[in-house]
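Let's take a friendly walk through a protein model together. Have a look at the picture, and then we will go through it piece by piece.

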Amino acid sequence: MSSHNGSELPILCSSGQLLLQPLWDRLRAREALTQSPLFAVLFSITTYVGFCLPFVVLDVLCPWVPALRRYKIHPDFSPTARQLLPCLGQTLYQHVVFVLPLTLLHWARGPAPWPREAPELLQLARHVVGCLLLFDAEFFAWHVLHHKVPWLYRTFHKMHHQNAASFALATQYMSAWELFSLGFFDMVNVTLLQCHPLTVLVFHVLNIWLSVEDHSGYDFPWSTHRLVPFGWYGGVRHHDLHHSQFNCNFAPYFTHWDKILGTLRSAHAK
């Protein structure tokens, strides 16, 4: 019986699945942790803070290491503790007060069983790109609306613009409504595309990284916008221009919606 099952594995799993299967098996072996109601909150916070910390260190070193200043968009700006600590506190507060209760409510319905097989590698890539494109369109519409309607801007979105020069920990310095909106878009997209749980985790990690990078204030040779061809991806300078001018570059990542609606402004023209 065991030899029969062993011979079936290469038939049931494609090469793309076999590449991801060891990773997926390790995650399933820790199902007690990953299915815990605390996992989503801990995963989100640790991923976010883990991506922010290197940029915080760079901000501390920048005044003492002149070579770093060539990559910094605002070379004369370094966030102070009075700016960093409220941003970190806001993130922790909202995850405890808002994200955790919602996670507990979802967990109380009973966690969905995880499949035994890993997703196809190409399927994972397609779904991650699809989720990013959907999120980009949804947030673009939400973002334009909250800039064009003064009451929405003052009530919900102004908080995110309190720091004119971006820095990594300011990425999630936002109102509870804005945080809820972004989380809702994420949930709808992975459900709409029927993403594998591993795909969901990969998408969340990538989405957090891209948002932190966009607010980091650093433009490195390996930054994402330099790796994506034809100017399809805006990047950190693109988003920094939105924070300084308010009326352009509303899409979080890609540039096609701003091109279509005439709100794209080149960072080089600045």
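## A tryptophan in a loop

Let's start at W114, which sits in the loop between α5 and α6 (121-148). Keep in mind that this is a predicted model. Is W114 buried or exposed? Its relative accessibility is 18%, and buried means under 20%, so W114 counts as buried.

Which residues does W114 touch, leaving aside its neighbours within four places in sequence? The contacts are W24, L27, R28, T34, Q35 and P197. W114 also shows how a chain can fold back on itself: W114 and H196 are 82 residues apart in sequence, yet their C-alpha atoms are 8.6 Å apart in space.

## The whole chain

Now zoom out. The protein chain has 12 helices and zero strands, so its pattern along the sequence is simply α repeated from one end to the other. Its C-alpha atoms fill a box of roughly 70 × 40 × 40 Å, taken along the principal axes.

How does the chain compare with a compact globule? For 270 residues, such a globule would have a radius of gyration near 18 Å, and the chain has 20 Å, which agrees. Buried residues make up 44% of the 270 residues. Among contacts with a separation of 6 or more, 71% are between residues 24 or more positions apart. On the outside, the chain exposes about 14800 Å², and carbon and sulfur atoms supply 69% of that area.

## Helix α4 and the annotated membrane span

An unreviewed UniProt entry annotates residues 38-62 as a "transmembrane region". In the model, this span is 92% helix and 0% strand, with its end C-alpha atoms 36 Å apart. Helix α4 covers residues 39-61. At 1.5 Å a residue, the 23 residues of α4 should span 33 Å, and the end C-alpha atoms are 33 Å apart, which agrees.

Where does α4 bend? A kink of about 30 degrees lies at L53, shortly before the proline P54. The buried residues of α4 include F39, F43, Y48, F55 and D59. The helices that the buried residues of α4 pack against are α3 (31-34), α5 (81-108) and α9 (197-215).

## Helix α9 and the annotated domain

UniProt, again in an unreviewed entry, places the feature "domain: Fatty acid hydroxylase" at residues 129-263. Over these residues the chain is 62% helix and 0% strand, and the end C-alpha atoms are 23 Å apart.

We met α9 as one of the partners of α4. With 19 residues at 1.5 Å each, α9 should span 27 Å; its end C-alpha atoms are 28 Å apart, which agrees. Just after α9, G217 takes a positive phi of about 85 degrees.

## Two residues with a positive phi

Most residues other than glycine have a negative phi. Here are two that go the other way. Q194 is not a glycine, but has a positive phi of about 55 degrees. Q194 lies in the loop between α8 (176-192) and α9. N249, also a residue other than glycine, has a positive phi near 55 degrees, and lies in the loop between α11 (236-245) and α12 (256-261).

Which of these is buried, and which is exposed? Q194 is exposed, with a relative accessible area of 68%. N249, at 0% relative accessibility, counts as buried.

Note on methods
Residues are numbered from 1 along each chain as its sequence is written. This is a predicted model: local features need pLDDT of at least 70, side-chain atom pairs count only at pLDDT 80 or more; totals for chains, interfaces and linings use all residues. Side-chain values use heavy atoms; hydrogens and water are left out. UniProt positions are given in the numbering used here, feature names are shortened, and annotations may be inferred rather than shown by experiment. Helices (H or I, at least four residues) and strands (E, at least two) are DSSP runs, numbered from the N terminus. The expected span of a helix is 1.5 Å times one less than its number of residues. The bend at a residue is the angle between axes fitted to the seven residues ending there and the seven starting there. Buried means under 20% relative accessible area, exposed over 50%, partly exposed in between (1.4 Å probe, protein chains only). Contact means heavy atoms within 4.5 Å. The radius of gyration is taken over C-alpha atoms; the globule rule is 2.2 Å times the number of residues to the power 0.38. Accessible areas come from the Shrake-Rupley method with a 1.4 Å probe; for residues, only the protein chains shown count as cover.
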